Amino acid sequence: MHSPLSPFAPLAARADVVAWSVLTDIKTQIQNRRIVPVYTPAVAALNQKTQRLQGFMVPLGPGEQQRHFLLASVPPTCAFCTPGGPESMVEVRTREPVKYSLNAVVVEGKFHVLQNDPYGLYYRITEAVGVK
């Protein structure tokens with residue numbers, strides 16, 4: 001979630017994307033010695049539907065063109081650090097490569113609310129395409 005203490009300006013509000021305030025509005029609980037998310041009805045309603053998201057690319061591999069990356073609510077400030085917790089990042093897998101950008105990007109694809117991801121992620125978007 002965007003901290004008021006952040007040196008970066010928050011993303012401009014857009015009516016055509018899911019707001020990060022919706023995705024970050026979750027609680028967690030302990031089940032079988034694991035921290036698991038408890039999603040709100042608003043988040044659960046996004047599951048398996050085409051959604052648009054705006055955020056900052058965090059590449060998972062080298063290259064100008066990216067097919068698999070994290071989309072974060074705030075820009076990364078360190079190549080070795082995640083810019084937030086799992087509620088403020090979405091794993092993205094695209095149909096076609098998306099050009100890496102330091103600026104905010106918008107992607108659209110099938111949104112998945114994850115229940116038991118082995119990497120601890122809460123959200124994934126697949127079959128994504130870059131939106132201008």
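Which residue stands opposite Val106 in β6? Keep that question in mind as you set up the view of this predicted model.

**Stop 1: the barrel**

Start in cartoon mode and select β3, β4, β5, β7 and β6. In that order, these five strands form a closed barrel with mixed pairing. From one strand to the next, the twist averages 45°. Now keep just β3 and β6 highlighted: they pair in the antiparallel sense, over seven bridges. Here is the reply to the opening question: Gln54 is the residue that stands opposite Val106 in β6. As background, the strands of a sheet pair through backbone hydrogen bonds, in either a parallel or an antiparallel sense.

**Stop 2: the nonpolar core**

Next, show side chains as sticks and select Leu23, Leu53, Val90, Val107, Phe111 and Tyr123. The largest nonpolar core has 22 residues, and these six touch the most other members. Two or more residues of this core come from each of α1 (20-23), β3 (49-59), β4 (65-72), β5, β6 and β7. Which element supplies the largest share of this core? That is β6, with four residues. In soluble globular proteins, nonpolar side chains tend to be buried together.

Stay in the core and centre on Val107. Leaving out residues up to four places away in sequence, Val107 touches a long list of partners, including Gln51, Arg52 and Leu53. Also among them are Phe69, Leu71, Val92 and Ile125. If you select Ala128, Val129, Gly130 and Val131, you will see further residues that Val107 touches.

**Stop 3: the aromatic rings**

Now colour the aromatic residues. A search of the whole structure turns up four aromatic pairs. Begin with Tyr39 and Tyr122, an edge-to-face pair with 6.3 Å from centre to centre and 90° between the planes. Tyr39 sits in the loop between β2 (34-38) and α2 (41-44), while Tyr122 is in the loop between β6 (105-113) and β7 (123-131), so this pair ties together parts that lie 83 residues apart in sequence. Are these two residues buried or exposed? Both Tyr39 and Tyr122 are buried.

Then swap Tyr122 for Tyr123. Tyr39 and Tyr123 form a tilted pair, at 5.9 Å centre to centre and 50° between the planes. This pair, too, links distant parts of the chain: Tyr39 is in the loop between β2 and α2, Tyr123 is in strand β7, and 84 residues separate them. Tyr123 is buried, as is Tyr39. Add Phe111 to the selection and you have a cluster linked by ring pairs: Tyr39, Phe111, Tyr122 and Tyr123.

**Stop 4: Thr94 in β5**

Move to strand β5 (residues 89-99) and pick Thr94. Its relative accessibility is 7%, and the cut-off for buried is under 20%, so Thr94 counts as buried. Look for the backbone oxygen of Glu96, which lies 2.7 Å from a polar atom of the Thr94 side chain. Beyond its neighbours within four places in sequence, Thr94 is in contact with Gln66, Arg67, Phe69 and Ala128.

**Stop 5: Val36 in β2**

Finish at Val36, in strand β2. With a relative accessible area of 11%, Val36 is buried. Select Lys27, Thr28, Gln29 and Gln31 to see the contacts of Val36 once neighbours within four places in sequence are set aside. For a last distance, join the C-alpha atoms of Val36 and Leu121: they are 9.8 Å apart in space, with their positions 85 residues apart in sequence.

Technical notes
Residues numbered from 1 in each chain as written. Predicted model: local features only at pLDDT ≥ 70, side-chain atom pairs only at ≥ 80, totals over all residues. Heavy atoms only, no water. Buried < 20%, exposed > 50% of the residue type's maximum accessible area, 1.4 Å probe, protein only. Polar contact = N/O pair within 3.5 Å; in protein donor to acceptor, adjacent residues only side chain to side chain. Contact = heavy atoms within 4.5 Å. Phe/Tyr/Trp six-rings, centres within 6.5 Å; stacked < 30°, edge-to-face > 60°. Core = buried A, V, L, I, M, F, W, Y, C linked by side-chain atoms within 4.5 Å. Pairing = 2+ DSSP bridges. Axes fitted to C-alpha atoms, helices over the stretch in contact; angles between N-to-C directions.
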